[in-house]
Amino acid sequence: MNEYTRSLYVYILIAFLGLAMILMKKSETLRFGSSVEITENEIMDHIRYLSHEDRAGRFPGTRESKDVISYLIRHFKSYGVKPGGENGSYVQPFNITDGIELGANNSMTMGDSSLTIHSDYIPLWFSGNDSVSASAVFAGYGFTIDEKELKWNDYADLDVSGKWVIMMRHSPERNNQHSLYTSHSGLHKKMLVARDNGAVGVIFVSQVEDTDLYPLRYISGYKNAGIPAIHLSNEMADHLFKTVGWSRETIQETMNQSLEPITFNLTAVTINASVELIPIQMRAANVVGLIQSGHRKYRNEYVVIGAHFDHVGMGGPGTGSRKPDTLGIHPGADDNASGTAGLLEIAQKLSSQKSRLKRSVLFIGFDAEEKGLLGAKYFADHPTVDLENIVAMLNMDMVGRMEDSFATAGGVGTSPMFKPLLDSLSRNRGFNLNMTLPGFGPSDHAAFYAKDIPVLFFFSGFHSEYHTPEDTWRLINLKGEKDFLDLVYDVVFHLAHVSERPVFVEAGPKQGPMRRNDRFKVTFGIVPSYGSTKEGLEVDAISRPDGPAVKAGIQKGDVIKIINGKPIKDIYEFMDRLGELEPGMTIPVLIDRDGKEMELSVSF
């Protein structure tokens, strides 16, 4: 072989090796995506897909939501992110109740009059399903109030056992939100009082200011009240009261002026009613991906990073839209297509660094966050890995609208590691990072904080387009989001790379305010399980280690069935019972612990 031939072979070999390297690089690119960096173009591609009108606002359980789930899975696969759910699946399905509808067994008669549903009466959302035939009594405003500042008892001279109780909505001070009557004026609270007094059903009539029947709509958290609860039309109420010489107007005027009850029997009229309300179920699903570390010592510890992908759909009453009277696609570009885009971008980049990770990383796209953090709560209650092995949970929600070069990291107080880490990693960024300490917040990380897991919540701020049809991709601060995601990536990588594990520290309460008008003089010191399907109040966590519940022996997972001799069916009945208690009281509380009932003594 001459020199020329040898040189030719060398050139051919070099060319062949170069071609092989190009093909290997292309293969790696196909596996891990078009880039191992977080890019503005890819962020925008994700946001535009997720917030496109074809996604119809990503309402849980819809075909459009399923399209988003498929989109997440497809990208996880392309990045080399493995399934992180049960049985080798990316999907963690769960059921949610999204509404109620009338069943076939709904009817009502008063004496000889047959009533028409929707025009003459309507069942209320917390009504029990039952058929009742009984006489009725009118019980004023339906109050039993015995407080230092206010006393009013509509049941003092009434025997309502086995009867319908008819009562007026609102109170003598309906327009005063600071009224002493406010905490006693809710329909559900009044039903509870009537039920405690032996009523077999309740019927509400309106004050003269109200013209329409209360709409039948689903409100999360309420369970079947056990007795029928009905709202009667003004025309039928006036007809009923006319038989005993009263009218709604005279009843209301007299009670409001005298501030004393008006009660009477309606023994001449028998009321027959059947109520059947059927819950509307839908199938939602979290998407769970996994980068499994190869490190023998730490591979079974996990950093969780999550973002919810659902939004409020077409809007409308009860959806959370800030324009409930405007039906139209709510794109949710910032809330939370921006966070979901971040989840995908960080998954893509972290996949290329898998060999450098000590800990494994779980990526979770949460569904039904807008329904009350249901996806996150479901995962926290049904984890696909041992909760004790989750070292931290990082949540991204609305990270696309950075203004004035400021962004926020919440939950910094949940581990001593977080503040120095963020101080270090946030230096020389294109924005300033505001840090807040509390672990609780109105997003998915709250479900993990309730389980004593350190959390960080990344958020770029509220804006006037929040939960409106105007939250579109055109308003995304693309550079700001890219800069923010670079920081989040660095935090995730650090937590998955270093040996030190974040130590959990409680930072503030584990729940937010329950309801605006509730005024509690005492507290159990527990976190209720808002998504529980059990009858009673399931304890999700302990919020006060030195609180009355702990001192009495109540534990996480217990179901509180009876408080001070009065049964409770759900969280709202629990809150109503709680509002009756005073400091200094010691009461019996019946709990169910793993199927065994126990009576404990709780002191406040």
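Two strands are taken to pair if DSSP finds at least two bridges between them. With that in mind, a good place to enter this predicted model is strand S6, residues 130-139, which runs antiparallel to strand S12, residues 263-275, and is joined to S12 by ten bridges. Within this pairing, Ser133 stands opposite Asn272 of S12. Strand S6 also pairs with strand S9, residues 164-168, this time in the parallel sense and over three bridges. Here Val137 has Val165 of S9 as its bridge partner.

Turning to charged side chains, the whole structure holds 29 salt bridges. One of them connects Lys371 with Asp98, with 2.3 Å between the closest N and O atoms. These two residues lie 273 residues apart in the chain, Lys371 in the loop between strand S15 and helix H8 and Asp98 in strand S2. Lys371 is partly exposed, at 25% relative accessibility, and Asp98 is partly exposed as well, at 23%.

Helix H4 offers two further examples. Lys189 forms a salt bridge with Glu580, where the closest N and O atoms are 3.0 Å apart. This pair spans 391 residues, from Lys189 in helix H4 to Glu580 in the loop between helix H13 and strand S24. Lys189 counts as buried because its relative accessible area, 9%, is under 20%, whereas Glu580 is partly exposed at 31%.

Asp196 and Arg577 meet in a salt bridge of 2.3 Å, N to O. This contact links helix H4, which holds Asp196, to helix H13, which holds Arg577, across 381 residues. Asp196 is partly exposed at 32%, while Arg577 is buried at 1%. Elsewhere, Arg63, Glu64 and Asp67 are joined into one network by salt bridges that share partners.

Methods. Residues numbered from 1 in each chain as written. Predicted model: local features only at pLDDT ≥ 70, side-chain atom pairs only at ≥ 80, totals over all residues. Heavy atoms only, no water. Helix = DSSP H or I, 4+ residues; strand = E, 2+ residues; numbered from the N terminus. Salt bridge = Lys/Arg side-chain N within 4 Å of Asp/Glu carboxyl O. Buried < 20%, exposed > 50% of the residue type's maximum accessible area, 1.4 Å probe, protein only.
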